[in-house]
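Grab a pencil and work through these exercises with the structure open beside you. Try each task before you read its solution.

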Amino acid sequence: MWPSRTRTETVTCLACGTERPRDEAREYDKHGDRWDRDGKTFEHLCKSCHGDLCHHPRDGLEALLVDLEAGERERAAFLTRYLATVEEQYGTLEERER
């Protein structure tokens, strides 16, 4: 039997934590490719938080965050390591602005 059309699925925004009806949210795919849906589960953002996101490509960002153990280290230690890694790969902001 098909699900009822009157049933509203509720999702939680991963950025602000508010609960919203699914039709008031946007899917978030941490791999940056929400069109390739095979074997994936999606998190959600409310429309306001989704609009605040930077929508530039983020190739390699998730892999870098995993490598640097994001969410598993103290914030200050993670940010220090992240900054050092990014500067090593891309140069400092001052160097890039020249």
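## Getting your bearings

From one end of the sequence to the other, the protein runs β-β-β-β-α-α-α-α. Keep in mind that you're looking at a predicted model.

**Exercise 1.** Work out how many helices and strands the protein has, and what share of its residues is buried.

*Solution.* Start with the elements: you should count four helices and four strands. Now go for the residues. The cut-off for "buried" is a relative accessible area under 20%. Of the 98 residues in the protein, 15% are buried.

**Exercise 2.** Find the salt bridges, and decide for each partner whether it is buried, partly exposed or exposed.

*Solution.* Searching the whole structure turns up two salt bridges.

- Step 1: Arg 22 pairs with Glu 27, and their closest N and O atoms are 3.3 Å apart.
- Step 2: Arg 22 has a relative accessibility of 24%, so call this residue partly exposed. Glu 27 comes in at 16%, so this one is buried.
- Step 3: The other bridge joins Glu 69 to Arg 73, with 3.0 Å between the closest N and O atoms.
- Step 4: Glu 69 is partly exposed because its relative accessibility is 32%. Arg 73 is partly exposed too, at 34%.

**Exercise 3.** Leu 61 and Leu 64 both sit in helix 2. Sort each one as buried or partly exposed, then look at how far each lies from a residue elsewhere in the chain.

*Solution.* Helix 2 covers residues 61-67.

- Step 1: Leu 61 has 28% relative accessibility, so it counts as partly exposed.
- Step 2: Leu 64 has a relative accessible area of 14%, so it is buried.
- Step 3: Leu 61 and Lys 30 are 31 residues apart along the chain, with 9.3 Å between their C-alpha atoms.
- Step 4: Leu 64 and Tyr 82 are 18 residues apart along the chain, and 8.5 Å separates their C-alpha atoms.

**Exercise 4.** Where does Leu 14 sit, and how far is its C-alpha atom from that of Cys 49?

*Solution.* Look between strand 1 (10-12) and strand 2 (19-21): Leu 14 is in the loop there. Its relative accessible area is 42%, so Leu 14 is partly exposed. Now check the distance. Leu 14 and Cys 49 are 35 residues apart along the chain, while their C-alpha atoms are separated by 9.0 Å.

**Exercise 5.** Compare the reach of helix 3 with the expected value, then say what happens just after this helix.

*Solution.* Helix 3 takes in residues 75-90, which is 16 residues. To get the expected span, multiply 1.5 Å by one less than the number of residues. That gives an expected 22 Å, and the helix does reach 22 Å from its first C-alpha to its last. Right after helix 3 comes Gly 91, with a positive phi of about 90°.

**Exercise 6.** Which residues form the patch of negative charge on the surface, and which helix gives the largest share?

*Solution.* Take this one in three steps.

- Step 1: The members of the patch are Glu 87, Glu 94, Glu 95 and Glu 97.
- Step 2: Helix 4 (residues 93-97) supplies three residues, the largest share of the patch.
- Step 3: Pick Glu 97, which is in helix 4. Exposed means over 50%, and Glu 97 has a relative accessible area of 62%, so it is exposed.

How values were computed
Residues are numbered from 1 along each chain as its sequence is written. This is a predicted model: local features need pLDDT of at least 70, side-chain atom pairs count only at pLDDT 80 or more; totals for chains, interfaces and linings use all residues. Side-chain values use heavy atoms; hydrogens and water are left out. Patches are made of residues with over 30% relative accessible area and no salt bridge: like charges are joined within 9 Å, nonpolar side chains (Val, Leu, Ile, Met, Phe, Trp, Tyr) within 5 Å. Accessible areas come from the Shrake-Rupley method with a 1.4 Å probe; for residues, only the protein chains shown count as cover. A salt bridge is a side-chain nitrogen of Lys or Arg within 4 Å of a carboxyl oxygen of Asp or Glu. Lys and Arg count as positive and Asp and Glu as negative; His and the chain ends are not counted. The place of a charge is taken as NZ of Lys, CZ of Arg, CG of Asp or CD of Glu. Helices (H or I, at least four residues) and strands (E, at least two) are DSSP runs, numbered from the N terminus. Buried means under 20% relative accessible area, exposed over 50%, partly exposed in between (1.4 Å probe, protein chains only).
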